[in-house]
Amino acid sequence: MADLEQFRQEVRAWIEANAPAGLRGTRKGRFDGYWGGRLHPEPDPDVKRWFDACLERGWTAPTWPAEYGGGGLSRAEAEIIDEEMERVKVPPPLVGFGLVMIGPTLLDFGTDEQKAEHLPKIVRGEVRWCQGYSEPGAGSDLAGLQTRAEIQGDKVIVNGQKVWTSYADKSDWIFALVRTDPDAKKQEGITFLLIDMLQDGVTTRTIDLISGWSPFCEVFFDNAVAETKNIVGGINKGWTVAKALLGYERSMIGKAIEGQLAGTEQELAASARAHLGRDDGPLPDASLRQQLALYSIDEQCYAQTARRIAETAQATGAPGPESSIMKVAGSELKQRRWELATRIAGLHGIGWDGEPFSEDELNTTRQWLRSRANTIEGGSTEIQLNIIAKRVLGLPS
Ligand SMILES: Cc1cc2nc3c(=O)[nH]c(=O)nc-3n(C[C@H](O)[C@H](O)[C@H](O)COP(=O)(O)OP(=O)(O)OC[C@H]3O[C@@H](n4cnc5c(N)ncnc54)[C@H](O)[C@@H]3O)c2cc1C
């Protein structure tokens with residue numbers, strides 16, 4: 001513990017000395033920051049300076065082994081770095097699905113060659129990844145996926161379609177689930193494959209969300225070519241790898257929500273005061289007061305539970321099925337936050353664009369609409385409840 005306290009002091013001093021003034025106070029959450037990648041335009045000079053300084057210390061991926069460019073630190077130490085960045089509201093140096101999804105999965109399941117090839121490129125922000133799981137006929141029933149892959153020597157030829165692929169249009173590589181044995185039981189004919197997206201055989205098309213934003217895409221594989229050396233976990237053995245990655249994904253979503261919700265009860269209360277014209281004392285609307293209090297209690301409980309689960313994961317090294325609990329609770333809480341924000345703002349909370357409504361994340365209407373997807377993305381609430389029933393509570397199927 002004394003060591004960790006000393007570590008914290010060192011981290012604090014280093015951040016003080018190195019975090020560019022222009023970035024302090026700009027952090028929005030744990031997962032808002034520089035995404036890197038070949039398609040990403042050169043970042044602004046402060047972001048680049050901060051990224052380079054952290055990279056040199058291995059702090060773009062603090063817990064990854066130093067041989068891949070990581071910091072070789074414990075989860076507790078990484079948590080301290082994150083807390084100290086949060087303290088001065090400086091964004092993480094690098095974010096993305098490489099760091100939180102495919103990277104940890106490769107550390108668990110990748111060959112030495114795969115780790116050496118892909119992990120340093122993630123750490124250095126050179127390659128941005130997206131997730132090619134869902135298909136038009138395979139979302140909750142993911143194992144029913146139809147994208148076909150045929151092994152031809154040391155090549156894999158891929159044909160089919162993915163959908164809802166977040167940031168596919170901005171990504172360089174995709175980790176995809178493909179069917180390599182159409183005759184086997186559905187989970188047993190699936191292979192986990194890494195595919196370079198910058199080739200003629202891969203095209204992407206953005207999909208507009210009801211919020212007016214387009215964070216995700218359809219991805220089409222038309223004789224796309226991958227290499228057998230980029231099969232993770234073995235041919236037809238992808239289902240185990242796929243499930244492990246979903247654990248990392250849910251855990252990432254849970255943590256992201258924790259960061260996004262921290263302090264929101266104060267924001268909502270301040271907004272209620274402003275809209276109801278009450279500077280101090282109890283809010284005049286009793287039902288709103290009660291909803292705000294309930295939200296505040298649940299937000300605190302969520303943060304405490306997230307911390308307890310994170311500590312368990314520190315001991316075991318990987319997220320357990322509890323990540324489904326955080327996914328369900330966090331996404332419902334996030335929806336309540338935007339319900340409340342909309343209710344509080346009244347007519348001022350309903351608007352699409354033009355004065356006084358911005359078109360960015362400050363727009364309450366768009367955020368409320370975007371939050372409808374929270375209980376779907378990363379696996380729907382109903383599916384998470386099934387996982388909790390089976391794997392956490394041990395109920396019969
Ligand atoms: C914003 C967003 C980003 C996403 N990003 C990605 C991404 O990057 N990569 C990717 O691969 N996918 C992504 N997805 C897809 C996401 O994983 C799927 O939408 C999700 O798994 C649900 O699948 P579906 O949309 O096909 O719905 P369906 O599976 O068709 O489900 C429809 C409804 O039926 C319910 N249902 C289905 N089966 C059952 C059951 N057995 N028991 C009870 N209820 C059931 C569901 O809960 C849901 O309410 C994203 C989705 C969203 C909304």
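This report walks through the domains, the ligand shell and the helix packing of a predicted model.

## The domains

Let's start with the overall layout. The protein chain splits into domain 1 (2-123), domain 2 (129-236) and domain 3 (241-392). If you look at domain 2 and domain 3, their centres, taken over C-alpha atoms, sit 30 Å apart. Where these two touch, domain 2 puts in 11 residues and domain 3 puts in 8 residues. On the domain 2 side, the touching residues are 7 nonpolar and 4 polar, with no charged ones.

## Around the ligand

Now for the ligand. There are 18 residues around the ligand, and the ones that come nearest are Tyr133, Gly139, Ser140, Ser166 and Ser380. Three elements each give two or more residues to this shell: β1 (129-132), β3 (155-166) and α11 (381-392).

Which domains supply the shell? Domain 2 (129-236) and domain 3 (241-392) each provide at least three of its residues. As for chemical class, the shell holds 9 polar residues, 7 nonpolar ones and 2 charged ones.

## Helix α9 and helix α7

A good helix to follow next is α9, which covers residues 322-345. It packs with α7 (residues 264-276) at an angle of about 15°, and the two axes are 9 Å apart. Because the angle is that small, α7 counts as roughly parallel to α9. The crossing of this pair is left-handed.

To find the contact by eye, look on α7 for Thr264, Leu268, Ser271, Ala272 and His275. On α9, their partners are Arg337, Leu340, Ala341, Ile344 and Ala345. Sorted by class, the α7 and α9 contact comes to 6 nonpolar, 3 polar and 1 charged residues.

## Helix α9 and helix α6

Helix α6 (residues 238-261) packs with α9 too, at an angle of about 35° and with the axes 8 Å apart. The crossing here is left-handed.

The α6 side of the contact includes Gly247, Arg250, Ile253, Ile257 and Leu261. Over on α9, the residues they meet include Ser323, Met326, Gly330, Leu333 and Arg337. What is the class make-up of the contact of α6 with α9? It has 8 polar residues, 5 nonpolar and 5 charged.

## Helix α9 and helix α11

Last up is α11, one of the elements that give two or more residues to the ligand shell. The axes of α9 and α11 come within 9 Å and cross at roughly 145°. This crossing is left-handed.

From α9, the contact uses Glu322, Ser324, Ile325, Lys327, Val328 and Ser331. From α11, it uses Thr381, Gln384, Leu385, Ile387, Ile388 and Val392. Split by class, the α9 and α11 contact has 6 nonpolar, 4 polar and 2 charged residues.

Definitions and conventions. Residues numbered from 1 in each chain as written. Predicted model: local features only at pLDDT ≥ 70, side-chain atom pairs only at ≥ 80, totals over all residues. Near = placed C-beta within 6 Å. Helix = DSSP H or I, 4+ residues; strand = E, 2+ residues; numbered from the N terminus. Nonpolar A, V, L, I, M, F, W, Y, C, P; charged D, E, K, R; others polar. Domains from an automatic or database assignment. Axes fitted to C-alpha atoms, helices over the stretch in contact; angles between N-to-C directions. Parallel < 35°, antiparallel > 145°, perpendicular 65-115°, else oblique. Left-handed = near helix turned anticlockwise from the far one by under 90°. Contact = placed C-beta atoms within 7 Å.
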